[in-house]
Amino acid sequence: MPVELPDFRLGSVLATSFTATLTERQGDSVERIPTPQRLIDWLAIYGLAVDSCTAAQLKCARGLRESIHAAATAAATEDTLPAAAVEIINDRSVQGQAAAVLTPEGEWQWRLGSSSVEDALSVIAADAISIIAGERAGKLALCASPTCQAAFFDTSQSRTRRWCDMGTCGNREKKARFNANHGKKARSTG
Ligand SMILES: [Zn+2]
C-alpha cells in the first residue's frame, strides 16, 4: 500500500506557494515535500519540470524555502532582512540556468536550462526577490492564524487579506469564531 503523503497548498504566487510546502509553522508543522519525488511533483505543477532530485537537492530546496520564509516575514513586518537568508536566496538565484520566454499565446513562461533542481530553484528565488523587493503589485503580510503566521502575498484590491489561504486558515478561524459566539449565546440563555 502506498503511504499517504500530505497534499499541496497551491497558491497563485510561486514563491509563497513554495514556502507553503511547510504549513502550520507555529503549531504542529506539516512537511508537504517530505521526499525528493514530492518536490519533483510540486515543481511540475508550477511548470518547472525537473528530471530528477537527490536528497541533497531536496535539502537545498528546503534551505531556500526557509530563507524565503525568513526574508518575506521580515519584509512583511518591515524588519531588517536577515543577511544569511538574503545570501541563500541570491546564491540560488545566481546558480540556476533559466530564462524567461514568451509562449505563442503571449504568456510569460520560464524555460529551465538543464531541467535540474538548481534551475527550478533559481526561478523560485527570482520570484521571491521580485515580491520581497516590492517589484510587483501586492503586499507581503502574515497570516492571522496563530499556528500558521505564514508570509503571503496579498494582491487583493484593498490589501486587507488576513489569511494565507481562505480554504484552510480562513475557514478554521471562521469556524472558531462561530463556535465561540455560539457557545456564548448558549451560556447566556442557559
Ligand atoms: Zn495561514
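**Exercise 1. In which helix is S17 found, and is S17 buried or exposed?**

Solution. The model used throughout is a predicted one, in which local features need pLDDT of at least 70, side-chain atom pairs count only at pLDDT 80 or more, and totals for chains, interfaces and linings use all residues. Residues are numbered from 1 along each chain as its sequence is written.

Step 1. S17 is found in helix α1, where helices (H or I, at least four residues) and strands (E, at least two) are DSSP runs numbered from the N terminus.

Step 2. Burial is decided by counting other C-beta atoms, placed from the backbone, within 10 Å of the residue's own: 20 or more make it buried, 12 or fewer exposed, and a count in between partly exposed. S17 has 22 such atoms and is therefore buried.

Step 3. Leaving aside residues up to four places away in sequence, S17 touches L10 and G11, a contact being two C-beta atoms, placed from the backbone, within 7 Å. S17 and S158, by contrast, are 141 residues apart in sequence and 21 Å apart in space, C-alpha to C-alpha.

**Exercise 2. Describe the chain as a whole, and then its largest nonpolar core.**

Solution. Step 1. The chain has six helices and six strands, which follow one another along the sequence as α-β-β-α-α-α-β-β-α-β-β-α.

Step 2. The C-alpha trace spans about 70 × 45 × 40 Å along its principal axes, and buried residues make up 33% of the 190 residues. Of the contacts between residues at least 6 apart in sequence, 53% join residues at least 24 apart.

Step 3. A nonpolar core is a set of buried Ala, Val, Leu, Ile, Met, Phe, Trp, Tyr and Cys residues joined through C-beta atoms within 7 Å. The largest one holds 46 residues, of which L64, A72, A120, I124 and A128 touch the most other members. Among the elements that each supply at least two residues of this core are α1 (14–19), α3, α5 and β4 (108–112).

Step 4. A128 illustrates these contacts, since residues up to four places away in sequence are not counted and A128 still touches A15, I68, A72 and I89.

**Exercise 3. Which residues of α4 are buried, and why do they lie on the same side of the helix?**

Solution. Step 1. The buried residues of α4 are A85, I88, I89 and R92. They lie on the same side of α4 because they cover an arc of only 95° around the axis, the arc being that of the directions from the helix axis to the C-beta atoms.

Step 2. An α-helix has 3.6 residues a turn, so residues three or four places apart point the same way.

Step 3. The buried residues of α4 pack against α3 (55–76) and α5 (117–132), while the face turned away from them carries the exposed residues A83, E87 and V94.

Step 4. Helix α4 (residues 83–95) has 13 residues and reaches 18 Å from its first C-alpha to its last, close to the 18 Å expected at 1.5 Å a residue, a span reckoned as 1.5 Å times one less than the number of residues.

**Exercise 4. Carry out the analysis of faces for α2.**

Solution. Step 1. In α2, the residues L39, I40 and L43 are buried. These buried residues fall within an arc of 100° seen down the axis, so they line one face of α2.

Step 2. The buried residues of α2 pack against α3 and α5, and the face turned away from the buried side carries the exposed residues A44 and I45. After α2 comes G47, whose phi is positive, near 75°.

**Exercise 5. How do β3 and β4 pair, and which residues other than glycine have a positive phi?**

Solution. Step 1. Strand β3 (residues 98–102) and β4 pair in the antiparallel sense over five bridges, where pairing requires that DSSP finds at least two bridges between the strands. The bridge partner of A99 in β4 is R111.

Step 2. The hairpin has five residues between its strands, and in it G106 takes a positive phi near 80°.

Step 3. Most residues other than glycine have a negative phi, and most peptide bonds are trans. Phi of E24 is nevertheless positive, near 55°, and phi of S115 is likewise a positive value near 55°.

Step 4. E24 lies in the loop between β1 (22–23) and β2, whereas S115 is placed in the loop between β4 and α5. E24 is partly exposed, with 15 other C-beta atoms within 10 Å, and S115 is partly exposed with 15 such atoms.
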